[in-house]
Protein chains: 2
Amino acid sequence: MMEKNISRAVISRLPRYYRCLEKLMYDHVDRVSSTELAEMMKVTASQIRQDLNTFGGFGQQGYGYNVQNLFAELTKILGLDREHNMVVIGAGNLARAFTNYIGFKRIGFYIKGLFDNNPEVIGQTFHDLTVKPMEELADFIKEENIEIGILAVPWEYLNEAASDMISAGIKNIWNFAPGGLDIEVPDDVIIQNENLSDSLIQLSFIVTAAGQGR
Amino acid sequence: MMEKNISRAVISRLPRYYRCLEKLMYDHVDRVSSTELAEMMKVTASQIRQDLNTFGGFGQQGYGYNVQNLFAELTKILGLDREHNMVVIGAGNLARAFTNYIGFKRIGFYIKGLFDNNPEVIGQTFHDLTVKPMEELADFIKEENIEIGILAVPWEYLNEAASDMISAGIKNIWNFAPGGLDIEVPDDVIIQNENLSDSLIQLSFIVTAAGQGR
DNA sequence: TAGATTGTTAATCGATTAACAATC
DNA sequence: TAGATTGTTAATCGATTAACAATC
């Protein structure tokens, strides 16, 4: 089923649609118009209709959108109608935070394993997971049906860890390791960078600019 | 000094310029042309010249850009030529990860205090910081010259913590608390949302779409 | 049916890229 | 000076908004 390419701009708005619909579901709202949705999300009604129509005609003229139906469609589109298994590479503080974080579980993402190559960390227990050595990663991925690898090592190990993950068969990397330039990955590997230092630098710019009267 | 408005698109690229220049500095490169920079960053030379010129004419015809000079200018523009003090509200695992994280310190951002309103957590020590009660926040902000508050509480406390922060005088909030809809803040307060669940949902969409042959 | 609201086409706006004169 | 490369204007591309005919 070949579909048209979805622009980055649209993708970046999808989680907000999802959260918005989730809230409407929670509030037992049956139907919603693009105008009402637009007000909730502080965007234009036009944009909402355009965005939704890249995926299909989920609405009905004269009625609007059925909340339950639209939520179900969005859930499917986002792949949130099934579970996703993850591992964390780099068993540090961030890994600890992630294993405890219920927000991921709530949308069906489970951390199934922690991996590290530091002998001092291997064997330690985080929440209810025992840190395993990197050598066991490849088998684990197959056995536990792992879809996503969270990369959370210090920057010195970034390239090493990334290539270990890739050769172990991980196809999707969520990268929290700060790096110099972005790391390169083969074409069939998807990498999403979550550079907290970059976000902080952006915030710094905004703060600094605001302080100078803009 | 009133300047023109800088677009989101430009701001989002600034950290990468910074990191790129940092690398050139590290490699002791003296000068760089927009074409060379473009190759490093995988963008067009035109974009680099446009971007940099929103801040000033840092280059020289026939020569290019002096790396040291451009780096210094960028550092100033981003506010990275001075230190920034931060506090974390919500002393959980994420707070622990942040206090240990050297990446923030490296660019001059220091976590000076941890605050929580849970009596069981108050008094605990994270790295070298003792968790303080929220009542002490307002005074602390003034005494320690705090610029940024990192919001890292569970979602149930999001609104409460945010309004506590604002009334304590925090003007810049870096929000890691996942929420339903985005929280509203007064005009003079800057909030930057770092919604990890949203990022994960985006990744989920991309992974799911890729799995369906796109 | 009449009113409402979608889906979609057309218009506008903004951001990116190309081109080139200015100038080091 | 001649060659190189910027700063900047103009052209293109893509994304957002407006408008409205289709239709529930």
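**Close-up 1. Which elements make up the surface near DNA strand D?** In this predicted model, chain A brings in helix 1 (8-26) and helix 3 (45-53), while chain B adds its own helix 3 (45-53), strand 2 (59-60) and strand 3 (64-66); each of these elements gives at least two residues to the surface. The largest share belongs to helix 3 of chain A, with four residues. Sorted by class, we get 18 polar residues, four nonpolar ones and four charged ones near DNA strand D.

**Close-up 2. The residues that come nearest to DNA strand D.** Of the 26 residues around the strand, the nearest are Ser46(A) and Gln50(A) from one chain, plus Ser34(B), Gln50(B) and Gly59(B) from the other. On the DNA side, 57% of the strand D atoms that come within 4 Å of the protein are sugar and phosphate atoms.

**Close-up 3. Polar side chains meeting base, sugar and phosphate of DNA strand D.** Zoom in on Arg49(A), and you'll find one of its polar side-chain atoms 3.1 Å from a base nitrogen of DNA strand D. Gln47(A) goes for the backbone instead: a polar atom of its side chain sits 3.2 Å from a sugar or linking oxygen. Over on chain B, an N or O atom in the side chain of Asn53(B) is 2.9 Å from a phosphate oxygen of DNA strand D.

**Close-up 4. Helix 4 of chain B and its buried residues.** Along this helix (residues 67-77), the buried residues are Val67(B), Leu70(B), Phe71(B), Leu74(B), Thr75(B) and Ile77(B). Why do they count as being on the same side of the helix? Because they span an arc of only 160 degrees around the axis. Their cover includes helix 1 (8-26), strand 1 (31-32), helix 2 (34-41), helix 3 and strand 3 of chain B, and also helix 9 (196-211) of chain A.

**Close-up 5. The two ends of helix 4 of chain B.** At the start, Asn66(B) puts a side-chain oxygen within 3.1 Å of the backbone nitrogen of Gln68(B). Just after the helix comes Gly79(B), with a positive phi of about 75 degrees.

**Close-up 6. Thr99(B) and its surroundings.** This threonine sits in helix 5 (residues 93-100) of chain B. Is Thr99(B) buried or exposed? Its relative accessible area is 5%, so Thr99(B) is buried, the cut-off being under 20%. Leaving aside residues up to four places away in sequence, Thr99(B) touches Lys105(B), Ile111(B), Leu114(B), Phe126(B), His127(B) and Leu129(B).

Key:
Residues numbered from 1 in each chain as written. Chains lettered and ligands numbered in written order. Predicted model: local features only at pLDDT ≥ 70, side-chain atom pairs only at ≥ 80, totals over all residues. Heavy atoms only, no water. Near = heavy atom within 4 Å. Polar contact = N/O pair within 3.5 Å; in protein donor to acceptor, adjacent residues only side chain to side chain. Nonpolar A, V, L, I, M, F, W, Y, C, P; charged D, E, K, R; others polar. Buried < 20%, exposed > 50% of the residue type's maximum accessible area, 1.4 Å probe, protein only. Contact = heavy atoms within 4.5 Å. Arc of directions from axis to C-beta.
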